[in-house]
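Open the model in your viewer and turn on the cartoon. This tour goes from one selection to the next.

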Amino acid sequence: MNNGITMKLNADELILQALREDISSEDVSTNAVMREAQEGEAQLICKQDGVLAGLFVFQRVFELLDENTSVEFYFADGDKVKKGDLIGRVKGDIRAILSGERTALNYLQRMSGIATYTNSIAAMLEGSKVKLLDTRKTTPNMRIFEKYSVKVGGGQNHRYNLSDGVLLKDNHIGAAGGVKEAIVMAKEYAPFVRKIEIECETVEMVQEAVEAGADIIMLDNMGVEEMQKAIAVIDGKAEIECSGNVTKENIGHYIALGVDYISSGALTHSAPILDISLKNLHAV
């Protein structure tokens, strides 16, 4: 993601929606204690070890509330931080700092949590040929931020959305009438530059997918022994992706099989937030 251009095209409107969700008419609490503009400063402090992601989104929240707000960071996205580290400072109208605090932290904590969790799994893949992929199991209206965070953490992005690639899943296969039928129709419809990926749950489905000429075969929710049989059937004729309840606890089984890709919805749907606080607000 290009922090400048992409933000202008996509992120600003999403951030504004989040701010409107939090401030439907006015920030009553802030307006009660701050009747006039007053310059202030607050510290952004890390309360837990992790990997940072989303600093530019954190900053943009305050800029959209008040363009005169300035944010100074001492770390960058992708940096590892320790509990107690001073990540940065926010300076500007205290009213903007107070009103934007929760939304800004929600983004930063969520994105850094995903980057931290992804990094912990990516570290387990070091030295192997396996690429770690995310999925479309993202929070509605948060995909652009969550998939960016996966990349910051050392993972890679699977297709961004339904317009981005052909992935024939169980219900597509059911609708088409079978594995072969689904692949044939996809090849007829999709541009020749697009790869055809299909999800298979049995070795029999894998055999059919190989014969029909699938480019990528996803082994979904298979046991280790069944995956070994499926990989033997594929025999280099297609790229192989493993998916289905992949976590830190069981990923070692998949690495040993020598597949090309491991996709994990847990990267985005199960990553805990990274604890970060905006503290010590004071007038300057």
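How are H7 and H8 oriented to each other, roughly parallel or roughly antiparallel? The model is predicted, so read each stop as a feature of that model.

**Stop 1: H7 and H8**

Select residues 179-189 for helix H7 and residues 203-212 for helix H8. Their axes lie 9 Å apart and make an angle of about 30°. Angles under 35 degrees count as roughly parallel, and H7 and H8 are therefore roughly parallel to each other. The crossing is right-handed.

Now show side chains. On H7, pick Val179, Lys180, Glu181, Ile183 and Lys187. On H8, pick Met205, Glu208, Ala209 and Ala212. These residues make the contact. Colour them by class: 5 are nonpolar, 4 are charged and none is polar.

**Stop 2: H4 on its own**

Select residues 94-125. This is helix H4, with 32 residues. Put a distance label from its first C-alpha to its last: H4 reaches 45 Å, close to the 46 Å expected at 1.5 Å a residue.

Where is the kink in H4 centred? Go to Gly100; the kink there is about 50°. Then move past the end of the helix. Gly127 follows H4, and its phi is positive, near 90°.

**Stop 3: H3 against H4**

Keep H4 and add helix H3, residues 55-65. The two axes come within 8 Å and cross at roughly 160°. Angles over 145 degrees count as roughly antiparallel, so that is how H3 and H4 run relative to each other. H3 passes H4 in a right-handed crossing.

From H3, the contact takes in Leu55, Val57, Phe58, Val61, Phe62 and Leu65. From H4, select Ala96, Ile97, Ser99, Gly100, Glu101, Thr103, Ala104, Leu105, Tyr107, Leu108 and Met111. Gly100, where the kink is centred, is one of these contact residues. By class, the set holds 13 nonpolar, 3 polar and 1 charged residues.

**Stop 4: H4 against H5**

Hide H3. Add helix H5, residues 143-152. H4 and H5 pack at an angle of about 40°, with axes 7 Å apart. That angle makes H4 oblique to H5. The crossing of H4 past H5 is right-handed.

Which residues meet here? In H4, they are Tyr107, Arg110, Met111, Ile114, Ala115 and Thr118. In H5, they are Phe145, Glu146, Tyr148, Ser149, Val150 and Val152. The contact has 8 nonpolar, 2 polar and 2 charged residues. Finish on Tyr107 and Met111: both touch H5, and both are in the contact with H3.

Terms used:
Residues are numbered from 1 along each chain as its sequence is written. This is a predicted model: local features need pLDDT of at least 70, side-chain atom pairs count only at pLDDT 80 or more; totals for chains, interfaces and linings use all residues. Side-chain values use heavy atoms; hydrogens and water are left out. Helices (H or I, at least four residues) and strands (E, at least two) are DSSP runs, numbered from the N terminus. The expected span of a helix is 1.5 Å times one less than its number of residues. The bend at a residue is the angle between axes fitted to the seven residues ending there and the seven starting there. Axes are lines fitted to C-alpha atoms, for helices over the stretch in contact, and angles run from 0 to 180 degrees between N-to-C directions. Angles under 35 degrees count as roughly parallel, over 145 as roughly antiparallel, 65 to 115 as roughly perpendicular and the rest as oblique. A crossing is left-handed if the near helix is turned anticlockwise from the far one by less than a right angle, and right-handed if clockwise. Contact means heavy atoms within 4.5 Å. Ala, Val, Leu, Ile, Met, Phe, Trp, Tyr, Cys and Pro count as nonpolar, Asp, Glu, Lys and Arg as charged, and the others, Gly among them, as polar.
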